Amino acid sequence: MKFYLLIHILFCLIILSFNVKAQNQIVADLSQENVEISTDFLGAKILLFGAYDGRKGDDIIVVVTGPKGLATIQKKGNILGVWVNTKKVNYINAPKYLSISSNRDIDKILNQKTQKISEIGLNNLNVRIQPGKPINNEQEWREALTRNMLKSKLWSVNENSVSLIKNSLFRSYLSLPSNVTTGKFEVKILHYRNSKLISKETSNINVSKSGFSAEIYNIAQNYSTLYGILAVLLAVFIGWGTNLVFRKV
Amino acid sequence: MYYHNQTNNYENLMYIYLPIAEQPIHSLVIIVVGLIIGFIMGLVGVGGGFLLTPIMMFLGIPPPVAVASVANQLVAPSVSGVLSHWKRGNVDFKMGTVLLLGGVLGSSIGVILFNFLDKIGQLDLVIKLSYVIFLSLIGSMMFSESLRLILRKRKGKISRGKLHQHNWLHGLPFKTRFRKSKLYISVLLPILIGVIVGVLAAIMGIGGGFIIVPAMIYLLGMPTSLVVGTSLFQIIFVAANTTVLQASQNQTVDIVLATLLLLGSVAGVQIGAKFTNVLKGEHLRLILSTIIILVSLKIFTELITIPSDLFSIVIRR
């Protein structure tokens with residue numbers, strides 16, 4: 001039995017590497033395609049691995065982008081000695097998760113201009129400001145977005161975190177923090193040779209709430225009044241129950 | 001190697017993911033906090049929410065979720081407390097009902113206000129400012145009164161104040177007789193007190209005991225023995241109303257957080273109540289008022305020191 005399994009894996013690998021060589025492809029897989037946020041969720045670490053048709057000096061960059069949505073940046077000002085939110089800017093399509101991983105410093109792989117064109121790097125993302133009042137000092141707000149997202153660990157840059165093996169296999173760990181949002185996460189694997197994109201491959205990670213935690217969330221969202229009444233009743237019963245218990249003690 | 005197991009040690013097992021706050025939290029920490037707060041509640045009669053909500057915020061729970069969930073948890077110790085007081089005949093249900101009518105109205109207004117403040121991005125500020133103002137006021141009042149009492153007892157003189165004073169408040173219309181409390185006053189007064197406490201309860205995530213108890217004693221002139229039981233009675237309804245409205249309007253009630261808290265607090269209340277005869281009331285209030293003043297100072301310093309980053313982020317779902 002074991003022998004057949006070994007033969008099977010060997011056979012797959014041969015075909016795999018043959019295909020990779022022939023079509024200049026990337027073949028990749030994830031240790032986990034579905035991440036479930038259940039009651040014991042503390043974040044997830046996912047292994048991304050695969051094969052590529054590489055030569056010495058080739059580079060791999062992995063970009064994982066989460067669902068996009070509204071992110072509001074607020075700026076505090078001092079009013080009568082108290083620090084108060086006085087200004088705000090809405091970014092309408094900010095990724096709620098972003099991780100950029102590479103096998104070495106991205107600046108060494110691509111020059112600034114190429115990074116900008118291919119939208120690689122935290123400052124090269126195409127995030128739009130909600131149309132409305134004109135904003136002076138747009139750069140300052142954009143930096144605040146990046147800084148705060150990095151601080152919340154929802155955005156990250158992990159240079160030197162992709163391991164390359166014999167110019168044909170790559171491996172990288174993707175970590176999702178415990179405050180990650182749900183939705184579809186796109187995993188883009190980019191293969192560069194002398195700063196030129198040779199091939200790319202995309203796959204997806206689906207993050208969803210599951211189990212008890214998901215049910216509570218769904219009830220709270222969809223039957224919110226009923227949820228509130230249930231929350232009150234639960235508290236009433238526990239309060240009443242302890243009174244009974246302690247009266248007997 | 002392929003599969004990274006997240007619950008591979010005992011420490012991690014204590015963490016529980018809060019479905020509404022959307023973050024994991026150490027369950028034991030929350031239960032112990034509930035226990036301590038419940039103990040204080042049982043001992044002094046007031047003081048659950050106004051310490052609990054700031055502690056939840058210090059632990060990193062988003063203020064809107066902290067406020068709404070603490071309101072939810074308050075229902076349990078209040079029910080438990082009212083049942084004990086009721087048995088001893090220490091609840092004026094008529095006064096309680098009038099107060100809660102105002103309270104329900106006030107907390108409904110409070111939730112609407114809460115929503116509005118959240119929309120314009122000033123909710124955190126208003127919650128924190130209300131805490132600073134009310135905690136420092138109540139804290140210093142409690143501190144000076146208990147200190148005065150301790151000093152007076154040391155001198156050996158015990159003087160009694162007037163039972164209640166007559167002032168313009170007694171000239172208001174719709175006078176009603178509250179037999180249990182031996183009062184003949186206008187219903188407008190307790191309703192107004194209820195409304196004010198209700199608004200604050202909804203915004204600050206408190207029962208309002210620390211405001212309503214002095215108001216009942218000094219403004220209404222109710223007998224002290226009835227005050228705690230009656231205020232707990234009305235707190236049940238104000239907290240319940242706030243919970244249902246927060247849940248339906250803002251979806252900010254975290255039932256898991258509230259349940260963890262109340263498991264600790266209901267037990268704490270009972271334990272605290274058993275200690276009331278052991279510890280002296282005025283010494284207790286002196287300690288509690290010191291804690292209150294320190295908490296308000298902590299929040300106040302947060303508001304006036306330059307933030308390390310002037311910019312902050314809010315990510316909408």
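**Exercise 1. Work out how α8(B) and α9(B) are oriented relative to each other, and which residues make their contact.**

*Solution.* The answer to aim for is that α8(B) and α9(B) are oblique to each other. Let's see how to get there in this predicted model.

Step 1. Find the two helices: α8 covers residues 209-220 of chain B and α9 covers residues 224-250 of chain B.

Step 2. Look at the geometry. The helices pack at an angle of about 140°, and their axes are 10 Å apart. Roughly antiparallel would need an angle over 145 degrees, so the pair counts as oblique.

Step 3. Check the handedness: the crossing of α8(B) past α9(B) is right-handed.

Step 4. List the contact residues. From α8(B) come Gly209(B), Ile212(B), Val213(B), Met216(B) and Ile217(B), while α9(B) supplies Thr224(B), Val227(B), Val228(B), Thr230(B), Ser231(B) and Ile235(B). By class, this contact has 7 nonpolar, 4 polar and no charged residues.

**Exercise 2. Describe the side of chain B that touches chain A.**

*Solution.* Step 1. Start with the counts: 53 residues of chain B are in contact with 51 residues of chain A.

Step 2. Pick out the elements. Those giving two or more residues include β1 (15-18), α4 (63-87), α9 and β5 (311-315) of chain B. The largest share, 10 residues, comes from α4(B).

Step 3. Sort this side of chain B by class, and you find 32 nonpolar, 18 polar and 3 charged residues.

Step 4. Now follow β5(B) across to chain A. It pairs with strand β5 (residues 68-79) of chain A in the antiparallel sense, over 5 bridges. Within this pairing, Ile315(B) is the bridge partner of Ala71(A).

Definitions and conventions. Residues are numbered from 1 along each chain as its sequence is written. Chains are lettered from A and ligands numbered from 1 in the order in which they are written. This is a predicted model: local features need pLDDT of at least 70, side-chain atom pairs count only at pLDDT 80 or more; totals for chains, interfaces and linings use all residues. Axes are lines fitted to C-alpha atoms, for helices over the stretch in contact, and angles run from 0 to 180 degrees between N-to-C directions. Helices (H or I, at least four residues) and strands (E, at least two) are DSSP runs, numbered from the N terminus. Angles under 35 degrees count as roughly parallel, over 145 as roughly antiparallel, 65 to 115 as roughly perpendicular and the rest as oblique. A crossing is left-handed if the near helix is turned anticlockwise from the far one by less than a right angle, and right-handed if clockwise. Two residues are in contact if their C-beta atoms, placed from the backbone, lie within 7 Å. Ala, Val, Leu, Ile, Met, Phe, Trp, Tyr, Cys and Pro count as nonpolar, Asp, Glu, Lys and Arg as charged, and the others, Gly among them, as polar. Two strands pair if DSSP finds at least two bridges between them.
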